[in-house]
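User: I am new to reading protein models, and I would like to understand the reasons behind the words that people use for them. Could you take me through this one step by step?

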Amino acid sequence: TQRLTLAGGVTWSFARREVGGTVAAASNYIVLSPRVCLTWRPRREWELFARYERGSEPPTVDDLLAVAGTPNDLAVRWTPLRRQRADTFELGVRHPAMSTHSVFEVTAYAANRRNELLRQVDGDGAAVGAINAGPTRHVGLETALAFQLVKGWCKWNDVEVRLAHNWGVSRFAGDPIYGHNRLAGRPAH
């Protein structure tokens with residue numbers, strides 16, 4: 001309708017990670033990612049939306065390969081990892097600010113992740129490989145402001161400025177070792 005929109009879709013993808021040489025190994029990843037969005041416009045200048053999306057990402061070859069051993073006897077090994085998956089829920093509001101050429105948006109989100117890929121380092125900061133974490137939860141608030149700075153003679157040469165800020169907290173969700181601690185390397189802002 002003019003005020004209510006329901007949209008959805010699904011993405012299917014296949015990824016193969018393969019290396020040869022001294023470490024001959026391969027992994028296949030099949031991903032099915034659904035999404036749905038409900039948008040309501042109670043007035044012409046306001047838009048409220050709710051979204052659900054399942055995202056998935058296979059590990060990179062860098063994630064799958066790890067260096068192991070002592071400094072005098074280093075070896076490269078293949079680490080079988082699962083793809084990471086996130087079920088993300090968003091609620092937000094969008095409103096044109098001051099003119100029809102600017103938009104302000106606020107979105108709250110929560111993502112439940114499974115098998116999140118975490119890169120590990122040793123005491124000296126050297127990479128030692130990646131692991132799949134237990135369940136993790138990411139929650140936060142995103143704000144954005146976009147406005148047209150220069151109106152060009154066609155839509156391809158307009159100059160638009162976009163400002164965005166994201167506040168978020170990423171925590172383990174009842175991990176047997178890390179409990180509900182925050183994930184390292186993820187600043188709140």
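Analyst: What follows is a set of questions and answers about this structure, which is a predicted model.

User: What makes the protein more spread out than a compact globule?

Analyst: The protein has one helix and eleven strands, and along the sequence these follow the pattern β-β-β-α-β-β-β-β-β-β-β-β. Its radius of gyration is 22 Å, whereas the globule rule gives 16 Å for 189 residues, and because the first value is well over the second, the protein is called more spread out than a compact globule. Along the principal axes, the C-alpha trace spans about 65 × 40 × 35 Å.

User: How many of the residues count as buried, and what share of the contacts joins residues 24 or more positions apart?

Analyst: Of the 189 residues, 28% count as buried, the cut-off for that word being a relative accessible area under 20%. Among contacts with a separation of 6 or more, 52% are between residues 24 or more positions apart.

User: Why is Trp 46 called partly exposed?

Analyst: Trp 46 has a relative accessible area of 33%, and since buried means under 20% and exposed means over 50%, a value in between is called partly exposed. Trp 46 is found in the loop between strand 2 and strand 3, the latter covering 47–57.

User: How do you know which residues Trp 46 is in contact with?

Analyst: The test is whether heavy atoms come within 4.5 Å of each other. Once neighbours within four places in sequence are left aside, Trp 46 is in contact with Trp 40, Arg 41, Val 93, Arg 94 and His 95. Val 93 lies 47 residues from Trp 46 in sequence, while their C-alpha atoms are 7.3 Å apart in space.

User: What makes a group of residues a nonpolar core, and which residues form the largest one?

Analyst: The members must be buried residues of certain kinds, such as Ala, Val or Leu, joined through side-chain atoms within 4.5 Å. In the largest nonpolar core there are ten such residues, namely Ala 15, Val 19, Val 23, Ala 25, Tyr 29, Leu 64, Trp 78, Leu 81, Leu 117 and Ala 130. At least two residues of this core come from each of strand 1 (4–19) and strand 2 (25–40). For Ala 25, the contacts beyond its neighbours within four places in sequence are with Arg 17, Glu 18, Val 19 and Trp 78.

User: What is notable about the phi of Asn 115?

Analyst: Most residues other than glycine have a negative phi. Asn 115, although it is not a glycine, has a positive phi of about 60°, and this residue lies in the loop between strand 7 and strand 8.

User: How much space lies in the largest pocket, and which residues of its lining are closest to its centre?

Analyst: The largest pocket holds about 320 Å³ of space. Its lining has 17 residues, of which Leu 118, Ile 131, Phe 172, Tyr 178 and Ala 184 are the closest to the centre. Strand 8 (117–121) and strand 9 (127–132) are the elements that give two or more residues to this lining, with strand 8 supplying the largest share, four residues. By kind, the lining residues are eight nonpolar, five polar and four charged.

User: Where does the largest share of the lining of the second largest pocket come from?

Analyst: Strand 11 provides that largest share, with four residues. The second largest pocket has about 190 Å³ of space, and its lining divides into four nonpolar, five polar and two charged residues.

Terms used. Residues are numbered from 1 along each chain as its sequence is written. This is a predicted model: local features need pLDDT of at least 70, side-chain atom pairs count only at pLDDT 80 or more; totals for chains, interfaces and linings use all residues. Side-chain values use heavy atoms; hydrogens and water are left out. Buried means under 20% relative accessible area, exposed over 50%, partly exposed in between (1.4 Å probe, protein chains only). On a 1 Å grid over the protein atoms alone, a cavity is a set of points where a 1.4 Å probe fits but cannot get out, and a pocket is an open set with protein on both sides within 12 Å along at least five of seven lines; lining residues have an atom within 4 Å of a point. Grid points are joined across faces, edges and corners, and a volume is the space filled by probe spheres set on the points. Ala, Val, Leu, Ile, Met, Phe, Trp, Tyr, Cys and Pro count as nonpolar, Asp, Glu, Lys and Arg as charged, and the others, Gly among them, as polar. The radius of gyration is taken over C-alpha atoms; the globule rule is 2.2 Å times the number of residues to the power 0.38.
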